[in-house]
Structure formats: structure tokens, C-alpha cells
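Reader: Before accepting the labels used for this model, I would like to hear the reasoning behind each of them. Could we take them one at a time?

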Amino acid sequence: MEISAIEDLKIIPDVVQPYPDPSVGREGVIVIDNGSFNCRVGWMLKEKPALIFRNILAKPRKDRTKKDLDVATVPVTQIGNDIVNIEAMRMQLRTQFDRNVVTHYNVQEQIFDYIFGKLGISSENGVPHKVMITECLFNPNYCRSLMSELLFECYDIPGLSYGVDSLFSYYSNQRAKNGLIIATGYHTTHVIPVMNGRIVVENVRRINIGGSNMIAFLHRCLQLKYTFHLNAITLSRSEVLLHKYGEFAYDYIEALQKWASLEYYDQNVKKIQLPFNQTAATPVLTTEQKFEKKKELSRRLVEINARRREERLAQDEELLIQLQQLEESAEDGDDVREALAEHSLKDVGELKRMISTVNARVDKTRQKMNAPAATSSQQIQPDTDKLLQPPPNMTVAEWVEETRRKRDAIIEKRQARRQRKQDLAKRRTAAAQERMRIISHLARKEKGSDDFGMRDEDWDVYKQISREEDSDNENENERMLECEIILKQYDATYEDPLLTMAGSAAELYQLHVGVERIRAPEILFQPSIIGSYEAGLAETIDFVLKLFPDHQRSCLVENIFLTGGCAKIRGLKERLAREMREMLPFGARFEIELARDPVLDAWNGASKFCLTETFRQSLITRSTYDECGGEYIKEHVHGNVYFPTPKSSVDEQQMMG
């Protein structure tokens, strides 16, 4: 399975454009697609926008430790592409939008300063260009009034026109007069029916689900799945993962069943490698250096085992002295029953047997300690040439295979011993309960009591009995060392444990994006996944179509148009086609088309619209603004319908008075 590196958002700061642009001139119109995610700005007649940036600003908090006279090293406010690292400024980000409606005009003013400044226009004396700006569908009159006031009063523009981004995208793709627009945005999704080139206002429906909800849901799913990487899984990275790997499932339930299959999971999961600090690689050693390193390791192992033997010998010698003194007291006729009980002994006969056992153990330990004195050079510096020669009755391949089996057997033995030791230390494991049962049976047989094991001190005795000896590990370590030397020399497939640990460390910093690829986009069709009570996209489309008579309904479904940022996620067209087949009568014709560029077509359509006579008729001049107010717009086929704000009774009385 291919492992992909995590991709972070690459943000390049915008440069100031030359002004005036010879290809545009002084009469050029500034086209602003003011989206709640990205803002796209440029001159009409251009093929693409001059500026594309995130519609956010960041105002760093003031460092109270610095004096006011200190010169700031960074600008007070960073806007758009000047925010190179969004995640570092996440808590200071601000936007002018509340969902898809502009409500914070102090932020919008700073965004406009950024726009006009990057276009090379000095806004101190006003902006001498007409502005074509997009607004949300059914923008409240109050919000439009504040936007017009900002542009006319603050920037003194000569003319202003409003339009709706999804309708401009529809116009840019030259769609038919009748159709159904599915506009997927960052915060909302709209189902917009168009009849005879005009939107049917009363039948438009909105779903409060968009790209931001998908990104947030994917972000939370990955954080819950990988709690160790909470800080590494950021919203920006979730955004990249959604657009790169996310897709709409053709059949969500069937897709979930497929993902439950291990084989399907292995074939389709996307493995993403997170950055992590890896320790420096061990320098390559020569054969002689490797041998010297192994000799040093062998010498250290011998020293460690020698110290352990000395400690055990001292304990056994002390125990032997106590037992011998106890034996002498028994021979003198003293009462030694309490002393025998302290050593868990029944009578003098068992005392003598224990003395014999401890004495034998002391002699054996002394022999092991004296043996290396004569042959220490052979043990610490083994004959490596002899070690690396296969036996005469075996080939190299057979010898390597036999060595591998020996090494695996040692590893299995260590793991089994470690597991047994862990099991015996726990009360509720089968091994511990069985051993405790045997001990309690012996205790009842000895003392005639049935309550052994009911008290905590009984388990302390049990743990003392369960302690295992490590005296047999010395030879095991030496055999393991020999096997590793042979395998490193002759086995090309042998992996160094240090390298294996480095590889396993990299695996710990991997994200496996599996079922999350379809689960995050699915909320557009099933908002209940994130706890929303709204209808999904398919249900909303069905509701809108049923508002029309049959002959108009067939006209709408023959021209279904997808636009907006979420339309770029794979599988939306195919999933929507399946949903349409289910909701329409059998054999009904329908056609679904995706915008050529779902993100930029709104700006392109607005740019083309500026060349038409309709644009000139829709312009709001300064005199019109002064006469009709900021909320007033001139209607056109690509914009909102104007509904005057009703006059309150107070206003009417003031006018009559």
C-alpha cells in the first residue's frame, strides 16, 4: 500500500499589481466574488482573477510584556494570503460572514483595504472604478444597505452592481433558460429552480450544510480515531484530505458493508504519513567494528550476570548461616517451633533438607563465579572466525535457517515467560487462579483450614512464591547474540531491531483514512449524521420538484446544474443521478451537468456580465444611492429580487407629520 506524505496548505503572499493596467484602463470594472470561504478579485476582460485568498483576517494579540514604544516586527493585522500559517493563528482568525451573510462590516472594510491595496489602487482619495460584487441569495436588505454604504461613503466608488454567485456560474456555462441549480457552498447549499431565465423565488430552498461542516466532521472523526495525534490533525489538513480523498458513495449502506471487509479496506484505505522526529540513523559500521561492538556487549552481559550472582550468593549465604544456627539450637534441645514457622518449615527434617538445598545452590553459584576466571578471554572475546563458519554437515542456507529457528525459539520462550509472569501477578487470570487453587489445596490439607486465599496477605505469600528466577538468562542472551551475528552476516532478509523500531515508529504516525472518506461528504445527503434535523439534498430536491406541475418538472430535471466548491468532490454527480432515478417516475429523462470550474465560474460569469448592456442598466450610481437608499438594487436575471423593507407605523407617522 502506497503511503502519502501529509500535504499542508501552501500559501503564497500576494504581490501588489501594477496600476493602472494597460489592458483594462481607467474605465475597468473591479469584479469581486465575495465568497464565505475564498474571495476572488480581478478586472473584467481578464481570463482569471488577479487575487484569490481566504476571506479571513488575523489580528495577533498584543504582547503585554512589551512597551508601546517597541517597534512591531509583524503587521498588526494579517489578511488573506498574508496569513502564511493559518493554524498558528487559528484562535485569532476573524471573518465578516455569519454563515453566508456578511454581518461584520468592520472586518469587511479591512478586507476591501487589502483588495484595493493589492490591485495597486490608493483608496485614500477614493476608488475610481465601478464594482461588480456578489452577494448571497436573498441577502437581507439591512446587510446590503451597510455594504452599499461602505463602498459609496468610504471608498467613493462611481457605481455598484450586485449579483448571485451561483446564477453567474449558471450564466458562465451557458445553460438553458429552464433548469435546477444545485449550489454547494462553504456554509450552505441551495436548490434554485430557474424558469424562463428567472429564479422562482418562492420555491428556492436552502440547506445549512456545506463544506465547513464536512471538514469539521472529518476533523472530529480523525481526532477520535487517533487521540494521540490531536495536535497534528488540524482543520487545514482535514480540508486537504477531504478534497483529495473524499468522495460521495453511490450507495452509502452498500459502501459501508464493503468497508467492513478487511480485503476491501486494505485495497482502498489511504495511508497518510504525519511528520515526526526520527532519531538519527546509526552510522554504518565495518565488520570489525560490528565484532568489537558485539564483544563489548558480551562483556557487559557477563558483568551484569556476575553482579546478579554475587547478590544471590550473599543472600543464600546469609540464609544458610541462619538455618545452620537454627539446626544447632535444635540439636541443643531448644524450642525452635516459632523459628521454623518463620521459615515456613514443619520440622527439623525439613530444616535439614532446606539446608542441603541452599548449600548446593551456594556451591553451584560459586562454581559459576570461578569458572569465568580461567576462560574469561574466551567468553568475552569469542572466536568470531569460528563462529561465522557453518558446520561441515550443513550448507550455508540450512545453517541460516537453523539459526533463524533457534532465534525465534528464544524470542517465543522470552515472550511466554514474560506473559506468564504478568498473568501470575494478576488475581483473575486463569494461570494465577489455578496456581492459587493448588496452593490453597495444599494449605487446607496441611492445616485443615478452608479460608486460605480469602485474605490479602495470602496473596502476598502467593506473589512471593510466584517470583521466577532469572539465572537461566545468561546462556540465553549469549545464544541470542550468536544468532544475531550469524544472521547479520549471512541472511539478506534479516532486519536489524533498531531499524525495525524506526519503521514501527513511523507507522505510529500514520493516518489510515478509510470509511471517513465517504462518511464526511455523506452529511450533505444525511444531515442527521451530525445531529441536524434538516432534510438532505435528495429530499430537498424532491420537495422543490413537487412544487411544480408535471410539465415544468420535466423541464427542470432535464437541466440539473451542479456548482460550488463541494461539487468538486468526487462522486456527487453519480450519487445525485442515483437519487434522481429513485424519486422520478420510471423511464423519466433527466440530465446532470457539472460546472466547468465550480469554484471560478462565478467570477468568470460576473466578468462576462460586465460587458453586457444589462450590467450598465443594473448599475447603482451615487445619485441613485442617495435617492433610494443603500438597500435598493436594480433587478436583473443574475441577481436577487428586490423586496422593499416594509415601513413601520412609526416611520409612517413621522412621514405624515
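Author: In this predicted model, Glu 328, Glu 331, Asp 332 and Asp 334 gather on the surface in a patch of negative charge.

Reader: What makes Asp 334 partly exposed?

Author: Asp 334, whose place is in the loop between H8 and helix H9 (337-342), has a relative accessible area of 44%. Buried would require under 20% and exposed over 50%, so Asp 334, at 44%, counts as partly exposed.

Reader: Why is the contact between Arg 366 and Glu 317 called a salt bridge?

Author: The closest N and O atoms of Arg 366 and Glu 317 are 2.6 Å apart, and because the cut-off is 4 Å between a side-chain nitrogen of Lys or Arg and a carboxyl oxygen of Asp or Glu, the pair qualifies. Arg 366 lies in helix H10 (residues 348-380) and Glu 317 in helix H8 (residues 287-331), so the salt bridge ties together parts that are 49 residues apart in sequence. Both partners are partly exposed, Arg 366 with a relative accessibility of 38% and Glu 317 with 27%.

Reader: How do you know whether Arg 54 and Glu 239, which also meet in a salt bridge, are buried or exposed?

Author: Their side chains meet at 3.7 Å, N to O, and the pair links distant parts of the chain, with Arg 54 in strand E4 (residues 51-54) and Glu 239 in helix H5 (residues 235-245), 185 residues apart. The relative accessible area is 14% for Arg 54 and 11% for Glu 239; since buried means under 20%, Arg 54 is buried and Glu 239 is buried as well.

Reader: What makes Glu 579 and Arg 575 a pair within one helix, and how are they placed with respect to the surface?

Author: Glu 579 and Arg 575 both lie in helix H20 (residues 572-583), four residues apart, which is about one turn of the helix, and their closest N and O atoms are 2.9 Å apart in a salt bridge. With the limit for buried at under 20%, Glu 579 at 12% counts as buried, and Arg 575 at 3% is buried too. Salt bridges that share partners join these two with Asp 251, Glu 522, Arg 578 and Glu 582 into one network.

Reader: How do you know that the end-to-end distance of helix H2 agrees with its number of residues?

Author: Helix H2 (residues 141-155) has 15 residues, which at 1.5 Å a residue should span 21 Å, because the expected span is counted over one less than the number of residues. The end C-alpha atoms of H2 are 20 Å apart, and this agrees with the expected value. The buried residues of H2 include Cys 143, Met 147, Leu 151 and Phe 152, and H2 is followed by Asp 156, whose phi is positive, near 50 degrees.

Reader: Why is the phi of Gln 174 worth a remark?

Author: Most residues other than glycine have a negative phi. Gln 174 is not a glycine, yet its phi is positive, about 55 degrees. The place of Gln 174 is in the loop between helix H3 (165-172) and strand E12 (179-184), and since exposed means over 50%, Gln 174, at 67% relative accessibility, counts as exposed.

Methods: Residues numbered from 1 in each chain as written. Predicted model: local features only at pLDDT ≥ 70, side-chain atom pairs only at ≥ 80, totals over all residues. Heavy atoms only, no water. Helix = DSSP H or I, 4+ residues; strand = E, 2+ residues; numbered from the N terminus. Buried < 20%, exposed > 50% of the residue type's maximum accessible area, 1.4 Å probe, protein only. Patch = residues over 30% accessible without salt bridge, like charges linked within 9 Å, V, L, I, M, F, W, Y side chains within 5 Å. Areas by Shrake-Rupley, 256 points an atom, 1.4 Å probe, with all protein chains shown as cover. Lys, Arg positive; Asp, Glu negative; His and termini not counted. Charge placed at Lys NZ, Arg CZ, Asp CG, Glu CD.
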